[in-house]
Amino acid sequence: MSKINIRQMTLISLFAALTAVGAFISIPLYPVPLTLQTLFTLLAGMTLGSVMGASSQIIYVLLGVIGLPVFAGFKAGIGILFGPTGGFLLGFIVSAYFVGKIIELKKEKNFYYYLVAGLVGTLIIYIAGITQLSLVIGIGAKKAITIGMFPFLPGDIFKIIAASFIASKLKLIIELK
């Protein structure tokens, strides 16, 4: 594994912080709030790549686990990971990794390629989140999808488009090597 430089550490930290800020921009729905976290998760993978993007989300989750109130609703603690929204939080890590991997596969990237990566990343977050939501609350998959995905689809489509547009522009500015 190659050494990480200060610029890369700064970018990883920046996206961890942006994800935390995205949690504070929240519309409280039960049991899953509507936030901007997924926008920054997708952007992390799209702009930083698989390892650095996932690292930013690991740092974000760890900050919340150690007690900093960076989760939606200014919540914190390891208990959140075992609650109804914990699957979404863990899905951020996996999503950022796979979004980054998809982006790394193609040398010449365009807006539509970022859209595909964003769709895959959002699907990963939904799968992880809805699975845990269903298990923790003790509801079936249909009900979990109804409360954990359907209300968020319009906003998530907008976030995928926004992340794709921003990432296609940021990639011209951020050169990680």
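In the predicted model, helices α3 and α4 pack at an angle of about 165 degrees, and their axes lie 7 Å apart. Because angles over 145 degrees count as roughly antiparallel, α3 is described as roughly antiparallel to α4. The crossing of these two helices is right-handed. On the α3 side, the contact is formed by S50, V51, G53, A54, Q57, I58, Y60 and V61. These residues meet L89, F92, I93, A96, Y97, G100, K101 and E104 of α4. Classified by residue type, the contact of α3 with α4 comprises 10 nonpolar, four polar and two charged residues.

The loop between α3 (50-65) and α4 (86-105) contains F74. This residue has a positive phi of about 60 degrees, although F74 is not a glycine. The side chain class of F74 is nonpolar, yet F74 is exposed, with a relative accessible area of 56%. The assignment follows from the cut-off, since exposed residues are those over 50% relative accessible area.

A second exposed position is L135, which is placed in helix α5 (residues 111-137). The relative accessible area of L135 is 68%, and L135 is therefore classed as exposed under the cut-off of over 50%. L135 and P84 are separated by 51 residues in sequence, whereas their C-alpha atoms are 8.2 Å apart in space.

In soluble globular proteins, nonpolar side chains tend to be buried together. In the present model, the largest nonpolar core has 23 residues. Those with the most contacts inside this core are L39, L42, L43, M46, V99, I103 and A163. Two or more residues of the core are given by each of α1 (6-24), α2 (37-48), α4, α5 and α7 (153-170). The largest share, seven residues, comes from α2. With residues up to four places away in sequence not counted, L39 touches K159, A162 and A163. Of these partners, A163 is itself listed among the core residues with the most contacts.

Apart from the largest core lies another core, of 22 residues, which includes A20, Y60, L89 and I93. Three of the residues named for this other core also take part in the helix contact described above: Y60 on the α3 side, and L89 and I93 on the α4 side. Helix α4 is also one of the elements that give two or more residues to the largest core.

Note on methods
Residues numbered from 1 in each chain as written. Predicted model: local features only at pLDDT ≥ 70, side-chain atom pairs only at ≥ 80, totals over all residues. Heavy atoms only, no water. Helix = DSSP H or I, 4+ residues; strand = E, 2+ residues; numbered from the N terminus. Buried < 20%, exposed > 50% of the residue type's maximum accessible area, 1.4 Å probe, protein only. Axes fitted to C-alpha atoms, helices over the stretch in contact; angles between N-to-C directions. Parallel < 35°, antiparallel > 145°, perpendicular 65-115°, else oblique. Left-handed = near helix turned anticlockwise from the far one by under 90°. Contact = heavy atoms within 4.5 Å. Core = buried A, V, L, I, M, F, W, Y, C linked by side-chain atoms within 4.5 Å.
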